[in-house]
Amino acid sequence: MGQPDGGRAALGQHSVGQPAGPQSVVSQVLAGQASHPPGAAGPAGVTGSARVAGGRVRVERDLPPGQVVRPDWPAQHYGRVPRFRPDTWTFTVMGATESGAEQRWDWAGITRLPRRAVTADLHCVTKCTVPAIDWEGIPATEILSAAPPAGAVTHVMVWAEYGYSANVGIGDFAADTTLFATAVAGAALAPEHGYPMRLVVPHLYGWKSVKWVRAVEYLTENRRGFWEERGYHNSADPWHEERFSHQE
């Protein structure tokens with residue numbers, strides 16, 4: 001339930017100082033006018049890019065400060081691993097939707113949505129990085145397109161089994177590398193890594209990449225999730241080492 005088993009592979013750098021356009025972040029992303037979330041660029045002097053190779057989005061960048069590479073992928077979570085029941089499993093989008101109604105999928109329905117492959121590092125707040133994980137799943141932009149948020153939405157709360165939650169900015173959620181992953185390295189996720197479906201936000205620390213996802217709630221103002229209420233940073237940017245709330 002605690003799930004802090006990885007995090008950020010940074011996206012391409014942004015220009016700064018440009019005036020905001022009339023469209024929301026989500027509208028720009030869905031229109032193909034923006035591919036990376038605001039603030040995703042790393043500190044000065046850190047370079048990186050996201051490129052498409054053979055249909056797979058591959059994120060390329062040096063390690064964030066304070067991180068070290070480890071060859072294995074340890075599973076870390078708070079609480080027990082839930083049991084997947086495909087006959088009763090559902091995924092819900094709720095909160096400030098554009099239509100005012102909830103959108104819900106069963107397991108068969110969610111697996112029919114378009115898929116994408118993303119290769120990205122996973123950066124844990126505990127300072128270890130698992131390099132070049134081959135994720136496969138449903139882009140968050142597909143969820144945003146199928147169940148659009150209201151224009152005033154600024155954040156999402158991602159809900160998982162046992163009431164676990166993590167807040168993510170709408171721009172981070174709408175990034176072209178954010179996935180609802182169902183597979184890794186060509187095989188279904190292991191139960192301890194989030195089977196049947198987990199969020200992957202590779203440009204944020206790993207506790208934001210919520211395992212065992214069951215719902216997304218659109219928010220018109222920011223609200224802290226499980227670990228954020230217990231002392232973790234609200235934003236979780238590894239390139240600025242945003243680990244703990246006292247740094248805010």
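Biologist: How many aromatic pairs does the structure hold?

Modeller: This is a predicted model, where local features need pLDDT of at least 70, side-chain atom pairs count only at pLDDT 80 or more, and totals for chains, interfaces and linings use all residues. Residues are numbered from 1 along each chain as its sequence is written, and side-chain values use heavy atoms, leaving out hydrogens and water. Rings of Phe, Tyr and Trp (its six-membered ring) pair if their centres lie within 6.5 Å; planes under 30 degrees apart count as stacked, over 60 as edge-to-face and the rest as tilted. The number of aromatic pairs is 12.

Biologist: Which type of pair do Phe84 and Tyr195 form?

Modeller: A pair of aromatic rings is described by the distance of the centres and the angle of the planes. Here the centres of Phe84 and Tyr195 are 5.3 Å apart and the planes stand at 90°, so the pair is edge-to-face.

Biologist: How many residues apart are Phe84 and Tyr195?

Modeller: Strands (E, at least two residues) and helices (H or I, at least four) are DSSP runs, numbered from the N terminus. Phe84 is in the loop between β3 (68-69) and β4, and Tyr195 is in the loop between β11 (187-188) and β12 (198-200). The pair thus links distant parts of the chain, and the separation is 111 residues.

Biologist: Is Tyr195 buried or partly exposed?

Modeller: Buried means under 20% relative accessible area, exposed over 50%, and partly exposed in between (1.4 Å probe, protein chains only). Its partner Phe84, at 17%, is buried. Tyr195 has 30% relative accessibility, so this residue counts as partly exposed.

Biologist: Which residue does a cis peptide bond join to Tyr195?

Modeller: The bond has an omega of about 10°. The residue joined to Tyr195 lies in the loop between β11 and β12. That residue is Pro196.

Biologist: What is the angle between the planes of Tyr205 and Trp207?

Modeller: Both residues are buried. They belong to one aromatic cluster with Tyr164, Phe226, Trp227 and Tyr232. Their rings are stacked, 5.9 Å centre to centre, and the angle between the planes is 15°.

Biologist: Which residue lies over the face of Phe226?

Modeller: A charge sits over a ring if NZ of Lys or CZ of Arg is within 6 Å of the ring centre and within 35 degrees of the ring normal. For Phe226, the distance from the ring centre is 3.8 Å, and the residue is Arg230.

Biologist: Is Ala236 buried or exposed?

Modeller: Ala236 lies in the segment after β13, and its phi is positive, near 70°, in a residue other than glycine. At 0% relative accessibility, Ala236 counts as buried.
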